[in-house]
Amino acid sequence: MFVFEFVASTVMDNLIDWFYGQIVGFLGNFFSEMGNMGVELFELDWVQSVVLFFSQLGWALFGVSLVVCVFECGIAYTSGRANIQETALNILKGFLAVCLFTTVPVRLYSLSVSLQGTFAAGLTGYGTSIGTVGQQIIEDLSGVESITASSSSAVGLGLSVITSPIMLIFCIIMMAYAVIKVFFSNLKRGGILLIQIAVGSLYMFSIPRGYTDGFIQWCKQVIGLCLTAFLQATILVAGLMVVKDHALLGLGLMLSAGEVPRIAGTFGLDTTTRANIMSAVYTAQAAVNTTRTIVQAVAK
């Protein structure tokens, strides 16, 4: 009778772990599909038209900046302070930036979403068949040297040992809060990336002239967005997998997924668009004022 209970317990434990992994894996795959929706946003015709418009705007600003850069280099050359090598290098940087600022962010975001889906499937075993579970059960049973040794197992600290209903409700509410927070963050990421691409076109005037601080900050924001897309869902899935064995540890890991944007912003990878837009507005105003000054100088 004891042997039967031991075998049944091993079978049920493996089946429950497999079923729970499939549920969490479905959630991770769901977040991955949401991220792919953000990537597919850029395949829509009207979005491609918007991206093309800002691409042409970036090329126009780059052309104006090229003329301004040549004038500034010529003026500096008359006083012997011109650096032709640095000017050519800045023009090359501007050319590479205007060629890639509409394509690299989308490719990088697509890569981060793909990696997130792969990591989630690897953590949860999502997509494994029931035959794999049966093979694992056979290996567990065949690997036991004695019934006595197998019966001594450590007691976990998962949700099953929580006896207080208030504590259980609190854990469920916190888990739902973490999932909903990550859900809405994934929902708006494609639109944020489109805004960042639109704002990035305004920096094309300053790069050939050697003012790259704003564009570097823009690059950090794009990297921060992609890093957040990868880390948030991955940490959330990892927390859900830990919850069944260590409830409080897994809950803390799930809640930490919502802190990824704040931590990234602390290290310069701010994922918000407010500061970036203000910097781009100042850059655009500087471009208009500089172009107006040059036109007035040429007219005189």
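Does V104 count as buried, exposed or partly exposed, and at what relative accessibility? Keep that question in mind while you load this predicted model, and select V104 to begin.

**Stop 1: V104**

You will find V104 in helix α4, which covers residues 104-124. V104 counts as partly exposed because its relative accessibility is 41%, and the partly exposed class lies between the cut-offs of 20% and 50%. Now add I197 to your selection. V104 and I197 are 93 residues apart along the chain, and their C-alpha atoms are separated by 9.9 Å.

**Stop 2: the whole chain**

Zoom out and colour by secondary structure. The protein has 12 helices and zero strands, so expect to see α after α from the N terminus on. Of its 300 residues, 36% are buried. Among contacts with a separation of 6 or more, 86% join residues 24 or more positions apart.

**Stop 3: helix α2**

Select residues 45-78 to show α2. This helix has 34 residues and reaches 50 Å from its first C-alpha to its last, close to the 50 Å expected at 1.5 Å a residue. Show side chains for its buried residues, which include V47, V51, S55, L61, S65, V68 and A76. Just to follow the chain onward, pick G80: this residue comes after α2 and has a positive phi, near 80 degrees.

**Stop 4: helix α3**

Next, select residues 84-100, which form α3. With 17 residues, α3 reaches 24 Å from its first C-alpha to its last, close to the 24 Å expected at 1.5 Å a residue. Which residues of α3 are buried? Highlight T87, N90, G94, A97 and V98. They cover an arc of only 95 degrees around the axis, which puts them on the same side of α3. Turn to the face directed away from that buried side, and you will meet the exposed residues I84 and Q85. To see what covers the buried residues of α3, display α2 and α9 (213-243), which are included in that cover.

**Stop 5: where α2 meets α3**

Keep α2 and α3 on screen together. They pack at an angle of about 175 degrees, with their axes 10 Å apart. That makes α2 roughly antiparallel to α3. On the α2 side, select G58, W59, F62, L66, C69 and C73; on the α3 side, their partners are I84, T87, I91, G94, F95, V98 and C99. By class, this contact has 10 nonpolar, three polar and no charged residues.

**Stop 6: A229 in helix α9**

Move on to A229, which is found in α9. A229 counts as buried because its relative accessibility is 6%, and the buried class is under 20%. Leaving aside neighbours within four places in sequence, A229 is in contact with Y109, S112, Q116 and R189. Select G35 as well: A229 and G35 are 194 residues apart in sequence and 7.6 Å apart in space, C-alpha to C-alpha.

**Stop 7: where α9 meets α10**

For the last view, add α10, residues 247-256. How do α9 and α10 pack, and what is the angle? The angle is about 170 degrees, and the axes are 7 Å apart. The two helices are therefore roughly antiparallel to each other. I235, L236, A238, G239, L240, V242 and V243 in α9 meet A247, L249, G250, L251, L253, M254 and S256 in α10. The contact of α9 with α10 has 11 nonpolar, three polar and no charged residues.

Definitions and conventions:
Residues are numbered from 1 along each chain as its sequence is written. This is a predicted model: local features need pLDDT of at least 70, side-chain atom pairs count only at pLDDT 80 or more; totals for chains, interfaces and linings use all residues. Side-chain values use heavy atoms; hydrogens and water are left out. Axes are lines fitted to C-alpha atoms, for helices over the stretch in contact, and angles run from 0 to 180 degrees between N-to-C directions. Helices (H or I, at least four residues) and strands (E, at least two) are DSSP runs, numbered from the N terminus. Angles under 35 degrees count as roughly parallel, over 145 as roughly antiparallel, 65 to 115 as roughly perpendicular and the rest as oblique. Contact means heavy atoms within 4.5 Å. Ala, Val, Leu, Ile, Met, Phe, Trp, Tyr, Cys and Pro count as nonpolar, Asp, Glu, Lys and Arg as charged, and the others, Gly among them, as polar. The expected span of a helix is 1.5 Å times one less than its number of residues. Buried means under 20% relative accessible area, exposed over 50%, partly exposed in between (1.4 Å probe, protein chains only). The arc is that of the directions from the helix axis to the C-beta atoms.
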